[in-house]
Every structure is written in structure tokens, then in C-alpha cells.
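Biologist: I am new to this structure and would like to go through it step by step. Could we begin once it is on the screen?

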Amino acid sequence: MRSLAKLLLLSVLGPAGAVAALLCGVTNTSPLPDATRGVLYSLQLQENCVGGTIVLAPGSVLPTGLSLSPTGLIIGVVSAPVGTYSFTLRVTGSLTGSMDRTFQLRVVNPTLRVVTPFTLPEATRTAPYWVTLQATGGTEPYWWFLVLDH
């Protein structure tokens, strides 16, 4: 049986005393898939309520840059700092009332990528040598190390 912390259980007396159960809740698992800073995030939430709607519970907010559409779509370009965010969603069904469930979403930096060409200009022995190394993503500041191969 599903946890009552995740789903609202409503028992209905049917014909000849039979009991039917209507489950109502968000069926996505927590934590939700990671959101990458500066990259479009789009996740359609799933609910299993009759005529259900998904909204943010009072006092709950999504990470900066994300919004929740009336159809249960979390969408936007994340600008929030890296970290794990918790927010509560409220699911309301036309026959089952409402149920709150807390989700976690981790905001991460884009993958570190060196954008300097892998082939560097030739150097001249005993002459000064400068090259600008560049990277994107990851967590700044970047640390560069010279590895000598003899």
C-alpha cells in the first residue's frame, strides 16, 4: 500500500458494502531530476486525481527562474545558486480533496568544459611563453596545473 504521506486515500462505500479506494497525489518521485544553472529545465508533473490540479502550497517557492504552469509543468531557466531546494506541491482532486507533498530539486553547475584548443602554439626554448586558458561551466575559480612530461 502506498504511503499516506504521499497520497490521499479516500474510501467510498460501494454497492453491497464494497469499499473502493481513490488515490490522489503527485506520482513523480523525489528528488526530481537535477536542474542545471543557465539551461532550460522542463518537467511535466504527473498526478492521478480525478480532475486534479497541482499548485505550490502556501509559503512554498521554486528555485529562482522556475515556474509552475496551471498544467503542472515546471519550466524555466534556473538562475538560483547551486544547492538543494525543497518545495511543497498541493494536489487537489474534484472528488478527493487536497494533499501536500514535499519535493527536492538539486541545482547544479553546467559540466566543466575546457574551451582552449587542445593543440597549443609551439614554444621556443628559453623564450617566454604565454597562453590564455579558458573554460566554461563547473565551479569557479578554476585551478590550472602544469604537468611536465620528460
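Modeller: One term is needed beforehand: a residue is called buried under 20% relative accessible area, exposed over 50%, and partly exposed in between. R90, at 26% relative accessibility, therefore counts as partly exposed. Please keep in mind that this is a predicted model.

Biologist: Which residue does R90 form a salt bridge with?

Modeller: Its partner is D100, and the closest N and O atoms are 2.7 Å apart. The pair joins strand β8, where R90 sits, to strand β9, which holds D100, with their positions 10 residues apart in the chain count. D100 has a relative accessible area of 30%, so this residue is partly exposed.

Biologist: How many salt bridges does a search of the whole structure find?

Modeller: The search finds two. The other pair to mention is D34 with R106, whose closest N and O atoms are 2.5 Å apart. This pair also links distant parts of the chain: D34 belongs to the loop between β2 and β3, R106 belongs to strand β9, and they are 72 residues apart.

Biologist: Are D34 and R106 buried or exposed?

Modeller: Neither extreme applies. D34 is partly exposed because its relative accessibility is 36%, and R106 is partly exposed because its value is 42%. As background, side chains of opposite charge can pair when their charged atoms come close.

Biologist: Let us step back. How many helices and strands does the chain have?

Modeller: There are zero helices and 11 strands. Of the 150 residues in the chain, 25% are buried. Among contacts with a separation of 6 or more, 55% are between residues 24 or more positions apart.

Biologist: In what order do the four strands of the open sheet stand?

Modeller: The order is β3-β9-β8-β5, with mixed pairing. β3 (35–36) and β5 (53–56) each have a single partner strand, so they stand at the edges and one side of each is left without a neighbour in the sheet.

Biologist: How many bridges join β8 to β9?

Modeller: The two strands run antiparallel and are joined by 11 bridges. As an example, T84 has R106 in β9 as its bridge partner. R106 is also the residue that forms the salt bridge with D34.

Biologist: Moving on to β7, which strands pair with it?

Modeller: β4 and β7 run antiparallel and share five bridges, one of the partnerships being S42 with I75 in β7. Strand β6 (residues 66–68) also pairs with β7 in the antiparallel sense, over three bridges. There, L66 has G76 in β7 as its bridge partner.

Biologist: What is found in the hairpin of β6 and β7?

Modeller: Four residues lie between the strands, and G72 takes a positive phi near 85°.

Biologist: Which residues of β7 are on its covered face?

Modeller: I74 and G76 form the covered face, while L73, I75 and V77 form the uncovered one.

Biologist: How many residues does the largest nonpolar core have?

Modeller: It has 20 residues, and those with the most contacts inside it include L32, Y41, L66, I74 and V78. The elements that give two or more residues to this core are β4 (40–44), β8 (83–93) and β9 (97–108). In general, nonpolar side chains tend to be buried together in soluble globular proteins.

Biologist: What does V78 touch?

Modeller: Leaving aside residues up to four places away in sequence, V78 touches A35, T36, R37, G38, V39, Y41, T64, L66 and V107.

Biologist: Now the surface. Which residues make the nonpolar patch of about 660 Å²?

Modeller: The patch is made by V114, F118, L120, Y129, V131, L133 and W144. L133 is placed in the loop between β10 (113–114) and β11 (135–136). With a relative accessible area of 36%, L133 is partly exposed. For the whole chain, about 10300 Å² is exposed, and carbon and sulfur atoms supply 60% of it.

Biologist: One last residue. Where does S30 lie?

Modeller: S30 lies in the loop between β2 (19–24) and β3, and its relative accessible area of 33% makes this residue partly exposed. Not counting residues up to four places away in sequence, S30 touches R101, T102, F103 and Q104. The C-alpha atoms of S30 and S86 are separated by 9.9 Å, although these residues are 56 residues apart along the chain.

Methods:
Residues numbered from 1 in each chain as written. Predicted model: local features only at pLDDT ≥ 70, side-chain atom pairs only at ≥ 80, totals over all residues. Heavy atoms only, no water. Core = buried A, V, L, I, M, F, W, Y, C linked by side-chain atoms within 4.5 Å. Buried < 20%, exposed > 50% of the residue type's maximum accessible area, 1.4 Å probe, protein only. Contact = heavy atoms within 4.5 Å. Pairing = 2+ DSSP bridges. Patch = residues over 30% accessible without salt bridge, like charges linked within 9 Å, V, L, I, M, F, W, Y side chains within 5 Å. Areas by Shrake-Rupley, 256 points an atom, 1.4 Å probe, with all protein chains shown as cover. Salt bridge = Lys/Arg side-chain N within 4 Å of Asp/Glu carboxyl O.
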